[in-house]
Every structure is written in structure tokens, then in C-alpha cells.
Amino acid sequence: HAALPTLERQGLSAPPAVADAAVVVQTWFKAFGGYVQTGDVDGILSHFVDDAFWRDMLALTWDFRTFYGNDRIRRFLVDRLAANKLSNLQLNTDSAAVGSPYPDLVWIQASFTFSTAVGIGSGVLRLVPTPTGVWKAHTIFTTLESLHGFPEFTGPLREQEPKHGTWVEQRRRELECEGPDQQPVVIIVGGGQSGLELAARLKYLGVKTLVVEREARIGQNWRKRYEALCLHDTVWYDHMPYLPFPPTWPVFAPTQKIADWLENYASALELDVWTSSTVTRASQDPETKKWTVEIERANAERRSFVVNHLVFAVGFGGGTHNVPQIPNAGEYKGIVAHSGDYARAKDYEGKKVIVVGACTSGHDIAKDLHDYGVDVTMFQRSSTYVMSIQNGFSRVFGGLYHEGGPPPDVADRLNASFPNYLLKPLHQRVVVDIAEKDRETLDGLRRVGFRLNTGIDGTGFILLAWEKASGYYFDVGASQLIIDGKIKLKNDAQIARFTQKGLAFTDGSALDADAVIFATGYGDARTPLRKILGPDIGARLKPIWGLDSEGEIRSVWRDLGVPRLWCMMGNFALCRFHSKHVALQIKAIEEGLFDGKRYSLETPLE
């Protein structure tokens, strides 16, 4: 039930004049810092509005937490402020700026840094005006950036000595985990972007990590995607840690190009990756919490490692296809496939195809088939949120991820500084703005009967992404083909059963097809983990993805329900940002700075 800090809500009829945003922030921050140093919780809260947010990522809670309202913030500060020993709070006055996304919304935003007992943190604050003329905090974001005494081996800390004639043998030993000094501390299952980005973070924190990838080449999971696929996120949003895309990189990269980049990324950063290898079993010692991990390699070699941490980076559902159980499937004489197996339109040349599902993959595949001349019908099971890439992405992320925008790490912090449940009322407005710009397309879709929605509670794609990772389409051309009838549409009844020639529907109608492609997503993200971990450990896994009661993503990048077991997933931007968080947790455990206990969701709030 969070609300935007509108002028009306703050008791103001007009926005106040701001002569110097830096001065306003400095005044507030001086008082805030003083109260922090003395541990005066009441003093801190006197500089917050009543319905303020404090979002923390690891710095003060060793968890991902969002506290809404001063009662909850008070309890959090009473419990955690003294224990964390906050000190050396420094305001970045150059970052102070007035923001006003709408006429009735105004805030002053600034960034800051601080120290805790274990590391260095950074933060973002937003102040809103009050009737007394005093600006007070509405949102505070804090995140852990590094650990005291354990910096990343980058810049001046990079390797200094030349490797005359020794580098090739050194890399061979590292890759083969040969010798007692090369035994992994962490094993990552999966060598896509999520696994590689975490492996890079860990390597340059000095944590020996082995990535186990089942495919024969790094990036092969992207090469196996349909040939027409390009990333729907822009280049500015998708940069990777340590090695950003070059300035020549296209705005929307083809997946084959992404696959080659991932292969080069692993090579350039000297990551230890075993390809054509499979983790067949993993078990945990209940006393030491160490993992025994068994790996089968392509040459039938079997290796077993005892490691401190096990990470699954196998993507949404781990490739487990979600295919609806439709009666009489055995009668159908045509091809049945899942979008995860779809490679190219040429395979369906001369055929009639039904694509079941109207989210991103369904639209992309239908467009690819049409572009190759295939007769294609999209079956829409339920309504879809549609926004154009041109108007939508720039409206949602344009202020952060664009040509000439802030560095990715800065943009990521600013993006994360908006609590997810505060984004709800904000995006309810943004959705209206995007729909106005996309009006011609949306009206055209409605005209041909395509069922549209505005997302969960009118928030567009943002809550759909966080809750379901599906249910939306970023339009890159398929919508116009549907409007023009070039991609046929069926959505006036549900599927009843297969027939020998195609599908029959609940209204008595039928469609003949030579192939039915199910663009129906993936299954429970815990399924591939349970296959390796077994039923006992598998039963302890918390749900993966979706929002918890505070608006934080469940279990990913944080506690999964089993000590020293981690789940790493997300798009390029999420993996870039949160790979640091996972790496810092692992490094802190290894160095005795973090015992695994978190300020948990079960902590009672009075």
C-alpha cells in the first residue's frame, strides 16, 4: 500500500523553490550523520517522513531487506545500528540533484559512502519537501561495496609481474584444478552470463572458483536459441563486470554475437570453466557444511571435489520446459516442440504452425516464422502486457541506461534505490505514459481482438517480471504483423484437445497445423537443483523468484534455505549488479567476517 510522496500527500500546494540542492542535502546529511554516530534513533527518524523506506542490501542486515514506515525502520535501527558500527559517512555533494518525474513529485537525490565493521558501503538518499520548509528523507538505500582488507585485484592491484614462459602452464594447472593450491573453494553449475559474472567477481576477490558447463562451448546455450533472437535489452543496460561491451557494440545484440562474447569474456578474464561436463551429484556434510560435488567430463573422467560453496546458475527453470498437458496428445500426427527447442524458421518451411503463448518468445517465434514465409497462427491463452521497445524502455530506464549515461555501477545503485513496492505507484503512472505513445499500436491490437492488460495492478511489466518473469512482450515488430493479419490470431476459446491434424478448442472450433510450438515458459526453478541435491536437501529449498512481503526477490542472490548453497540468475543487468553481492557474501564467510546469520524476515516487528 505504499504511496508516492506527492506534494498533496506532503501537505504542499506547489513545489518549493530550490536555490541549491547541495546545500539542502548537506544540511540534512550533517544532522543525519551526527545522529548515526551517537546512535540516536529518534534523532534519525526526526529527519524522515512517516512513510519512509529504508532498503538495505547486505551492508546492515547481511540480507536484502526493505523497511517501510518509521515503526519498522525504528526496529531495524535499534537492532542493527550499533552492531554495524557505522562511521565515516561521506556525502557526494556533486551528486545532489533535484528530480521531478511528474509535476506533483519533487525530490532531491544524492549519494554517499560509509564504513561498517566489515566493509565499505554506498548509499542513495531522496529528500522530499514538507510544509515547514524542512526537507526530510523518503527513501534511503544502503549496499555493501567491499570488505575491509580484501579489495578486488583490479587497477593498481592487478598482476604486476611478467609471466615469461610460465603463463601457459599456469593456466593449464588452474583450468585442470591440478595440485593442492588449485582446488576450488566454489563450484558454479552453469556457464551462462550469471555463472561467468559471478566467477569473475570471485576470482578477483581471490576465491578459487570452478564453473561446470554441460555444453561443449561457453555461450552454447545462447547459440542454441532461435537464430532470429536479439536481446530486447539495450547495450547500455547489459554491460558485464570488468569488461564492458566496446563502443561499437550494437544496441540490440544478436544472440550468436552474445555467445561469442561470453566465450571471449571467460578467456580474457582467465576464468576456470570445464565444458562438456556435468555435475551429477552434490551432498553436504551436516557438520562442516562442506559440499562433495561429483563431476563427469566428456572423456568419461570423473572428478570429485570437496568445496565450501555450491552455486546454481542454470537460469529460469534450468531449461525445464513447461508444457501444458493437453488431452489426446498421442493422436496428433504433427510436430510438437517447446520454444526452448526452436532454432530457426527454415525448419518449418512449407508448414502451418500454431504458436501457443503470447509473451516474448511466442511473439518472437511467430515473427520469425512469418518473416520466412511460414503460415503461422498465435494462440493467446490469456491477456498480455505490450509496450514498444522504442517508447517503453526509454521511459522506464532512459534516465539511467543510455548513450552518455552514468557508469553502469552508478546506474545500478540508482535503479536499486527505488524499493520495488514504491515502484508500483510510480509505474502505474509510467504505464499510462507509455500507452499514450503506443496508442496506435495498442488500438490496432484491440481492433483485431488481441487481449491486452496493463500488468499486475496496472504496473506494466515491472511486477510481472519480478513475480512471474513472463506475461509481457517488448514489441519489436510482431504487433504490427498481428494487426495486419500476417500473424493470425486465435484467442476466443481455450484448447480442449489435440486432434490428428491439430488442435480443437472449447467452442467447437479447430485449427489444423503441421507443428505446434509451445511458448509457455519454464518450470519450477528448483527442479534442476533437486535432481542434483536429492530429495532431502531439495525439500529445504525456499521458493525461487517472486517477491516476498517486503518486495525483495525470493532466494536469488541471498539465503536459499540451505547454508552455503546459492542461486545466481537474472538478465545481464541483474547479474552484473548482484554478482558482487553473492561474491561478497561468499568472501566474507571465507574470511570469517560473516557467519551466515542474517537479519531475517522472521524477526518480530512490534
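**Exercise 1. List the buried residues of helix 5 and judge its setting.**

The buried residues of helix 5 are Gln193, Ser194, Gly195, Leu196, Glu197, Leu198, Ala199, Ala200, Arg201 and Leu202. Buried means under 20% relative accessible area, exposed over 50%, partly exposed in between (1.4 Å probe, protein chains only). Helices (H or I, at least four residues) and strands (E, at least two) are DSSP runs, numbered from the N terminus. Helix 5 covers residues 193-203, and 10 of its 11 residues are buried, so the rest of the structure largely encloses it.

This is a predicted model: local features need pLDDT of at least 70, side-chain atom pairs count only at pLDDT 80 or more, and totals for chains, interfaces and linings use all residues. Residues are numbered from 1 along each chain as its sequence is written, and side-chain values use heavy atoms, with hydrogens and water left out.

**Exercise 2. Check the span of helix 9, then find its cover.**

Step 1. Helix 9 has 12 residues, 360-371. The expected span is 1.5 Å times one less than the number of residues. From first C-alpha to last, helix 9 reaches 16 Å, close to the 16 Å expected.

Step 2. Its buried residues are Ser361, Gly362, His363, Asp364, Ile365, Ala366, Asp368 and Leu369.

Step 3. Their cover includes strand 15 (352-356), strand 16 (375-379), strand 18 (472-475), helix 15 (478-483) and strand 23 (515-518). Contact means heavy atoms within 4.5 Å.

Step 4. Look just past the helix: Gly373 takes a positive phi of about 90 degrees.

**Exercise 3. Place Thr116 and name its contacts.**

Step 1. Thr116 sits in the loop between strand 4 (107-115) and strand 5 (119-129).

Step 2. Its relative accessibility is 5%, so Thr116 counts as buried.

Step 3. Set aside neighbours within four places in sequence. Thr116 then contacts Ala59, Leu60, Asn84, Lys85, Leu86 and His148.

**Exercise 4. Describe the whole protein chain.**

Step 1. Count the elements: 18 helices and 24 strands.

Step 2. Test the size. The radius of gyration is taken over C-alpha atoms, and the globule rule is 2.2 Å times the number of residues to the power 0.38. For 606 residues a compact globule would have a radius near 25 Å; the chain has 26 Å, which agrees. Along the principal axes, its C-alpha atoms fill a box of roughly 75 × 70 × 50 Å.

Step 3. Assess burial: 53% of the 606 residues count as buried.

Step 4. Take the contacts with a separation of 6 or more. Residues 24 or more positions apart account for 66% of them.
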